Amino acid sequence: MTAGSHSRAAAARVIVAVAADGKSLSAVLPEAQARLESERDRSLLAALSYGSIRWYPRLAALVDGMLDRPVKTNDKDVLALMIVGLFQLLYTRIPAHAAVSATVGATRVLGKAWARGLVNAVLRRFQRERVARIAAADQDETSLWAHPQWLIDAIRDDWPAAWQQILAANNSEPPMWIRVATGVESRDSYQQRLDAALGTGTQVSPWAGDAIRLDVPAGVAELPGFDAGVVSVQDAGAQLAAYLLDAEPGMRVLDACAAPGGKTAHMLQRAGGNLRVTAIDLSAGRLERVAENLRRVGSEAHLLQADATRPESWWDGLAFDRILLDAPCTASGVIRRHPDIKLLRQPGDIAAMALMQRRLLDALWPLLRPGGRMVYCTCSVFLEENENNIAAFVAATADARVEPSPFPFAQPPWQPTPHGFQILPGDADMDGFYYACLTRNGEPG
């Protein structure tokens with residue numbers, strides 16, 4: 001059996017779990033990696049899985065165009081294996097002969113030796129007819145942009161001048177941003193240490209004062225001081241939340257929907273740990289991730305497994321000076337990091353999320369003290385979840401007032417909106433985020 005066949009077979013199983021069974025990539029990939037013996041195979045599995053799912057709509061269309069008849073329901077893994085094979089031929093530097101050989105060999109690992117000839121024939125045919133096959137498949141928008149049609153339409157409707165930019169960014173490899181605990185070490189000092197340790201390049205963000213982007217992604221074990229909490233992995237766009245919140249030492253802060261805890265840790269670090277933070281999340285498992293992140297950076301917060309839409313079940317009646325509502329959303333702004341969103345989201349999810357977000361706004365607003373500030377945040381690009389939602393909330397809430405963005409930039413790399421601002425995926429290499437700052441009773445926070 002060809003070396004690497006087990007990684008290809010594992011990738012095919014991962015794709016079936018996501019595309020056919022509706023499971024998230026982050027849930028199934030670690031389990032699949034654990035069954036492989038070498039780190040090299042585990043890394044290859046991750047690259048094949050992420051890449052094949054990122055380009056799935058395009059790859060599936062190409063495979064379909066080369067099949068004489070549809071693959072049987074019980075053979076979805078064979079279809080997925082052909083998608084893995086095409087991904088290698090189109091988007092990797094793996095030599096074509098090695099990619100084909102290992103992918104064909106994976107049929108035996110899957111227990112589908114009968115499919116060896118089929119997989120070989122499809123991959124060889126693509127090699128012969130590559131230009132024509134791509135041209136034919138890309139007559140369809142879903143193949144050309146590697147997004148489902150409903151998602152293309154929704155993004156185009158909301159961003160008619162930027163929809164192609166958004167789709168292209170969604171298909172790109174995400175950069176690696178880190179956040180320096182600047183209360184422990186300055187960003188400049190850490191950047192020098194990092195450059196020396198990695199031997200590659202890094203860039204600082206002019207928009208987020210603690211952020212550094214690595215030119216070449218690295219494992220956390222390679223980051224000096226990671227275990228000691230000197231540095232954390234967090235997109236620069238996500239880091240803006242703590243600046244907007246601007247929680248001052250001694251303040252009482254609510255971090256609603258807090259998992260995985262990166263924003264919680266950042267706000268605490270910026271205030272020297274001198275905040276009274278209550279961090280809640282509906283999931284006990286996700287709340288444990290908050291606890292792990294806080295332990296690593298040496299910060300503390302009051303953690304509660306709770307439903308943010310029902311504060312009567314957990315709130316002690318004392319008002320908060322600041323509330324961060326990092327609301328559940330479609331995550332349409334972070335598709336480049338989570339390409340399975342393309343396959344898992346459905347058209348009705350936008351309205352459903354917007355309804356949940358409004359329930360959270362209505363439930364949490366009374367917990368904010370007069371003159372306090374709420375920062376509303378999503379990692380979505382859809383107006384219904386973002387600008388339209390905040391506009392409706394402010395119109396219906398007499399004591400809610402929108403604060404202007406506190407950033408003094410003449411030309412910020414994001415889209416200003418009447419009630420906040422929208423970062424589109426790829427703007428200044430950041431993920432897609434929406435932010436709005438609200439004060440109660442019209443007083444500054």
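Let me start at one side chain, where the charged end of Arg156 sits over the ring of Trp163, 4.6 Å from its centre. I should say straight away that this is a predicted model, and that a similar arrangement can be found elsewhere, with the charged end of Arg296 placed over the ring of Phe226, 4.0 Å from its centre.

Staying with the aromatic residues, there are nine aromatic pairs in the structure. One of them joins Trp145 and Trp163 edge-to-face, with 5.6 Å from centre to centre and 65 degrees between the planes. This pair links distant parts of the chain, since Trp145 belongs to helix H8, residues 141-145, while Trp163 belongs to helix H10, residues 163-170, and the two are 18 residues apart. Trp145 counts as buried because its relative accessible area is 16%, and Trp163, at 12%, is buried as well.

Another pair, Trp414 with Phe421, is stacked, at 4.6 Å centre to centre and 25 degrees between the planes, and both of these residues are buried. They also take part in a cluster, in which ring pairs link Trp207, Trp414, Phe421, Phe433 and Tyr435.

Now to the strands, and to E3, residues 211-214, in particular: Ala211 and Arg213 point one way from this strand, Ile212 and Leu214 point the other way, and all are buried. Strand E1, residues 176-180, runs antiparallel to E3 and is joined to it by four bridges, with Ile178 standing opposite Ile212. Strand E2, residues 202-204, is also antiparallel to E3, with three bridges between them, and here Gln203 stands opposite Arg213. E2 and E3 together form a hairpin, with six residues between them.

Terms used:
Residues are numbered from 1 along each chain as its sequence is written. This is a predicted model: local features need pLDDT of at least 70, side-chain atom pairs count only at pLDDT 80 or more; totals for chains, interfaces and linings use all residues. Side-chain values use heavy atoms; hydrogens and water are left out. Buried means under 20% relative accessible area, exposed over 50%, partly exposed in between (1.4 Å probe, protein chains only). Two strands pair if DSSP finds at least two bridges between them. Rings of Phe, Tyr and Trp (its six-membered ring) pair if their centres lie within 6.5 Å; planes under 30 degrees apart count as stacked, over 60 as edge-to-face and the rest as tilted. A charge sits over a ring if NZ of Lys or CZ of Arg is within 6 Å of the ring centre and within 35 degrees of the ring normal.
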